[in-house]
Amino acid sequence: MMPSQVSESPTVPPPATPGHPDPFLPHRSLMDEIAAPAPTPPAVTPTAEEIAIRAGGFSSWYGSFQALHEISLDIPARKVTAFIGPSGCGKSTFLRWINRMNDTIPGAKAGGSLTLDGEDLLSAGRDVVELRRRVGMVFQKPNPFPKSIYDNVAYGPRLHRKLNRADLDDLVEQSLRGAAIWDEVKDRLHASALGLSGGQQQRLCIARALAVGPEVLLMDEPCSALDPRSTAAIEELIERLVENFTIVIVTHNMQQAARVSDRTAFFYEGRLIEDDETERIFTKPRERRTEDYVTGRFG
Amino acid sequence: MTAIPAGIEIPRERRAWKARLFLATCLFATTLAVAMLAVLLASIATKGLPWIVDAEAFRASFAEGGNGLAGWRDWIRTEFFTEYASRKPLKAGIKAPLWGSVWVVTICALVALPVGVATAIYLEEFAGRTRLSRLIQTNIRNLAGVPSIVYGIIGLTAFARMFGVFGTGDDETLSIGDPDGFLYLMLPFGQSVLSGGLTLMLVILPVVIISSQEAFRAVPASLRQASLAMGATTWQTVWNITLPAALPTILTGTILAISRAIGEAAPLLVLGVPLFISNTPANLMDDFTVLPFQIFDWAKRPQADFQGLAAAAIVVLLVVLLSFNVVAVVIRQKLHRPLS
């Protein structure tokens, strides 16, 4: 045995508010502490880890077309969960229910249960504006606003609270640093965001999402419009962000899912076929269809 | 390998010839339109300009020792702009209709723009694709095609007479404020500039709404989604993202609609707008007349001098129209300036 492998001393104080991965808005964690219910022992969870998003018998329809059938899935907190599956399998639909973006699509309905930190996401009275502040989203195509870099990042915070100039400057810098783009744009914060390269625009969009202090980041094929180098930068960023955020990523790129994710869920024709540790999904999946898909036999 | 059937090959020369023929047809059509416009402008300018510009003084001004453009007071016939209508052509001017047109069009624009844009925002950003919104949509499209004289009748009923609820005689009107001051209001509006402006607003409103809707539709959905996904309300998204992106296009459409309003005569005719007025509007309730009326009155007279005056008034109308367009272009450039 190596003597250096000393177990962590029990006297070391735990990191401050481990359940609230929000380094940008420190006053929020205080509020959450007041509001949060007493921590319950995770006895019922299948694994010892904390569950951020839980779907139970979750189904979804566009008009009369059923896009998702009885999905039951646990998404752990502060882990990367990848959704894979062929086009039209419902993975993006599922993702867009987590922040209720499907509300903007006429005829979109959902049934079953979907919770975030134990709170029902589907109830009619649910404040989607508040939900979307807690669940950030990064889209397939970089979509910065036709404003300056600074104003792009400051957009979200300005929606939700009045901040003085210094605090806002600080928040913008922290968000841009968080998205690993600060060094590239610090000298031209007031230049148009549209002048950035595709990869930079996508990292700016991530910074923009971080600036509102979310708990969860949804990424809908964030690299599919990017070149390999920008893709690598985003993947590196995901690995860093996951220390503080719960990340759900939809991807068509199997290698990407294998590289960045801790857990992988395989969707096929609106059904969840299998979800497990990423390594297991890619090495010895339980389902034949999963194996066929990840080995490239179809899809 | 795919087997390509042999068929009969189309000779290359024939295809090239067809291409040339098509190009020639398009060029011919373009030339025809431009040439007709040029002829029209030339004939109006030759007839009308002598009534606006004193040719001899103009030559003197631009000859050696003259003041050139700076001495415009010497060669512009200022009386054409400062005199009211007259039986004597040399003393006749367009002061009343020029100011009347400016007042009416300003009122029309100030009302049509917010109402039209707000309607477009409701239909595009809030209403969704319900049966009701489709019904409204269809009706607006139909209204855009209604002859303007029909709007004159609506204007007469709704604004000039207010359905007779305030009586029909002059004595029975309600009034607030001093009739000679700027702040004066009476009910019903009668044949005032406010009635005229609101009536023209009705004429152009459907066009403003439709062009604004097109402008909102042209804003990429990805921007809306990005804003909503960050927890913005629909209102915040419209105000911060969609409206700024759509505004340049909205203004272009609105200015085109307003250009139409400047030339309208029919609805104002129904409203009972008089031709001979010897004052300019001092408040919203004042009488007024407009340039198209004056142009028609002069153009129908047999004397050549009045024909010239009519052409001169048309030149002024075109210049007013052009300056509205310039204002629109400037505003658009300002709004659209790239982020430095």
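Two residues are in contact if their C-beta atoms, placed from the backbone, lie within 7 Å. Axes are lines fitted to C-alpha atoms, for helices over the stretch in contact, and angles run from 0 to 180 degrees between N-to-C directions. Helices (H or I, at least four residues) and strands (E, at least two) are DSSP runs numbered from the N terminus. With these terms, helix α2 (residues 91-98) of chain A lies across β1, β2 and β4 of chain A and runs at about 65 degrees to β2(A).

This is a predicted model, in which local features need pLDDT of at least 70 and side-chain atom pairs count only at pLDDT 80 or more, while totals for chains, interfaces and linings use all residues. Residues are numbered from 1 along each chain as its sequence is written, and chains are lettered from A and ligands numbered from 1 in the order in which they are written.

**Chain A: overview and open sheet**

Chain A has eleven helices and ten strands. Of its 299 residues, 40% count as buried; a residue is buried if 20 or more other C-beta atoms lie within 10 Å of its own, exposed if 12 or fewer, and partly exposed in between, with C-beta atoms placed from the backbone. Among the contacts in chain A with a separation of 6 or more, 68% are between residues 24 or more positions apart.

The strands beneath discussion here pair if DSSP finds at least two bridges between them. An open sheet of four strands in chain A follows the order β2-β1-β4-β5, with antiparallel pairing. Strands β2 (65-76) and β5 (119-120) of chain A stand at the edges with a single partner strand each, so one side of each is left without a neighbour in the sheet. Within the pair formed by β1(A) and β4(A), A:G56 stands opposite A:S113 in β4(A).

**Strand pairs of chain A**

| Strands | Sense | Bridges |
|---|---|---|
| β1 (residues 51-62) and β4 (residues 108-116) of chain A | antiparallel | eight |
| β3 (residues 80-84) of chain A and β9(A) | parallel | four |
| β9(A) and β10 (residues 271-277) of chain A | antiparallel | six |
| β6(A) and β7 (residues 216-220) of chain A | parallel | four |

**Buried strands of chain A**

Six of the six residues of strand β9 (residues 263-268) of chain A are buried, so β9(A) is largely enclosed by the rest of the structure. A:R263, A:A265 and A:F267 lie on one side of β9(A), and A:T264, A:F266 and A:Y268 on the other; both faces are covered. Towards β3(A), A:T81 stands opposite A:R263 in β9(A). Towards β10(A), the bridge partner of A:Y268 is A:R271. β9(A) and β10(A) form a hairpin with two residues between them, and A:E269 in the turn has a positive phi of about 50 degrees.

Strand β6 (residues 135-138) of chain A is also covered on both faces, with A:V135 and A:M137 buried on one side and A:G136 and A:V138 buried on the other. In the pairing with β7(A), A:M137 stands opposite A:L218.

**Helix α5 of chain A**

Helix α5 (residues 165-178) of chain A has 14 residues and reaches 20 Å from its first C-alpha to its last, close to the 20 Å expected at 1.5 Å a residue; the expected span is 1.5 Å times one less than the number of residues. Its buried residues are A:L171, A:V172, A:S175, A:L176 and A:G178. These residues cover an arc of only 155 degrees around the axis, which puts them on the same side of α5(A); the arc is that of the directions from the helix axis to the C-beta atoms. Their cover includes α4 (149-160), α6 (182-185) and α7 (198-210) of chain A. Just after α5(A), A:A180 takes a positive phi of about 55 degrees.

**Contact between the chains**

In the interface, 24 residues of chain A are in contact with 18 residues of chain B. On the chain A side, α3 (128-134) and α4 of chain A are the elements that give two or more residues. By class, this side has twelve nonpolar, seven polar and five charged residues. Ala, Val, Leu, Ile, Met, Phe, Trp, Tyr, Cys and Pro count as nonpolar, Asp, Glu, Lys and Arg as charged, and the others, Gly among them, as polar.

**Helices of chain B**

The axes of helix α5 (residues 95-126) and helix α12 (residues 291-299) of chain B come within 8 Å and cross at roughly 145 degrees. B:P97, B:L98 and B:S101 in α5(B) meet B:L291, B:F293 and B:Q294 in α12(B). This contact has four nonpolar, two polar and no charged residues.

Helix α6 (residues 131-144) of chain B is hardly covered, as the count of buried residues among its 14 residues is zero. B:M36, found in helix α1 (residues 12-52) of chain B, is exposed, with 10 other C-beta atoms within 10 Å.
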